[in-house]
Amino acid sequence: MSKKKNVSTAAPTTGTKTRKPPAKPKTKLAQLEAMLRRPDGATVEQISKSLDWQTHSVRGAMSGSLKKKQGLTITSEITDTGRRVYRIAA
């Protein structure tokens, strides 16, 4: 019984690599953290719409999972439009 070798017929690469876009975070908590790490931050309304969570769930996740369990510092400020924007402090 003869064994066949796995031979590729594809053309050799020239050394140029294509860049893949950054992978989307897999969990909702990771998505929440990514939104808060953006330079412009995120409002509770933006997070709620993006994650399909209620606003009290967003606040609870920021307080419980991110602040208490992961030890991240979350800051907030009120913008000129009167909306509160949350960010993870650097």
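**Close-up views, one by one**

**Figure 1. D52, out in the open.** With a relative accessible area of 69%, D52 is exposed. Like everything shown in these figures, D52 is seen here in a predicted model. To find this residue, look in the loop that runs between α2 (44-51) and α3 (55-69). The backbone is worth a glance too: D52 has a positive phi of about 60°, although D52 is not a glycine.

**Figure 2. Inside the largest nonpolar core.** Which residues touch the most other members of this core? The answer is L32, L36, I47, M62, L66, I74 and Y86, out of 15 residues in the core. Four elements, namely α1 (28-37), α2, α3 and β2 (84-88), each supply at least two of the core residues. Of the contributors, α3 gives the most, with four residues.

**Figure 3. L32 and the residues around it.** Here we zoom in on one of the core residues that touch the most other members, L32. Which residues does L32 contact once its neighbours within four places in sequence are left aside? They are I47, L51, W53, A61, M62 and L66. Three of the names, I47, M62 and L66, may ring a bell, as they stand beside L32 in the list of core residues touching the most other members.

**Figure 4. Helix α1 and what covers it.** Take a walk along α1 and you meet the buried residues Q31, L32, E33, M35 and L36. What lies over them? The cover includes two helices, α2 and α3, and also the strands β1 and β2.

**Figure 5. Where α1 meets α2.** Two packed helices are described by the angle between their axes and the distance between the axes. For α1 and α2, the axes come within 11 Å and cross at roughly 145°. Is this crossing left-handed or right-handed? The crossing of α1 and α2 is right-handed. On the α1 side, the residues that meet the other helix are K28, Q31, L32, M35 and L36. Their partners in α2 are Q46, I47, S50 and L51.

**Figure 6. E33, a charged residue tucked away.** E33 sits in helix α1 and has a relative accessible area of 19%, so E33 falls under the 20% cut-off and counts as buried. Beyond its neighbours within four places in sequence, E33 is in contact with L66, Q70, L72 and I88. One of these partners comes from far along the chain: I88 is 55 residues from E33 in sequence, yet their C-alpha atoms are 7.9 Å apart in space.

**Figure 7. A salt bridge along α1.** E33 also forms a salt bridge with R37, and their closest N and O atoms are 2.9 Å apart. Why are they separated by about one helical turn? Because E33 and R37 are four residues apart in helix α1. An α-helix has 3.6 residues a turn, so residues three or four places apart point the same way. While E33 is buried, R37 is partly exposed, at 48% relative accessibility.

**Figure 8. R38 and D40 join up.** The structure has three salt bridges, and this view shows the one in which the side chains of R38 and D40 meet, at 3.8 Å from N to O. R38 has a relative accessible area of 32%, so this residue counts as partly exposed.

**Figure 9. The β1 and β2 hairpin.** How do β1 and β2 pair? The two strands, with β1 covering residues 74-78, run in the antiparallel sense over five bridges. Going across the pair, T75 stands opposite R87, and S76 stands opposite Y86. Five residues lie between the strands of this hairpin, where G82 takes a positive phi near 90°.

**Figure 10. A salt bridge across the strands.** In this view the side chains of R87 and E77 meet in a salt bridge, at 3.4 Å from N to O. R87 lies in β2 and E77 in β1, so the pair ties together parts that are ten residues apart in sequence. Are these two buried, partly exposed or exposed? R87 is partly exposed, at 22% relative accessibility, and E77 is partly exposed too, with a relative accessible area of 42%.

Technical notes
Residues numbered from 1 in each chain as written. Predicted model: local features only at pLDDT ≥ 70, side-chain atom pairs only at ≥ 80, totals over all residues. Heavy atoms only, no water. Buried < 20%, exposed > 50% of the residue type's maximum accessible area, 1.4 Å probe, protein only. Core = buried A, V, L, I, M, F, W, Y, C linked by side-chain atoms within 4.5 Å. Contact = heavy atoms within 4.5 Å. Pairing = 2+ DSSP bridges. Salt bridge = Lys/Arg side-chain N within 4 Å of Asp/Glu carboxyl O. Axes fitted to C-alpha atoms, helices over the stretch in contact; angles between N-to-C directions. Left-handed = near helix turned anticlockwise from the far one by under 90°.
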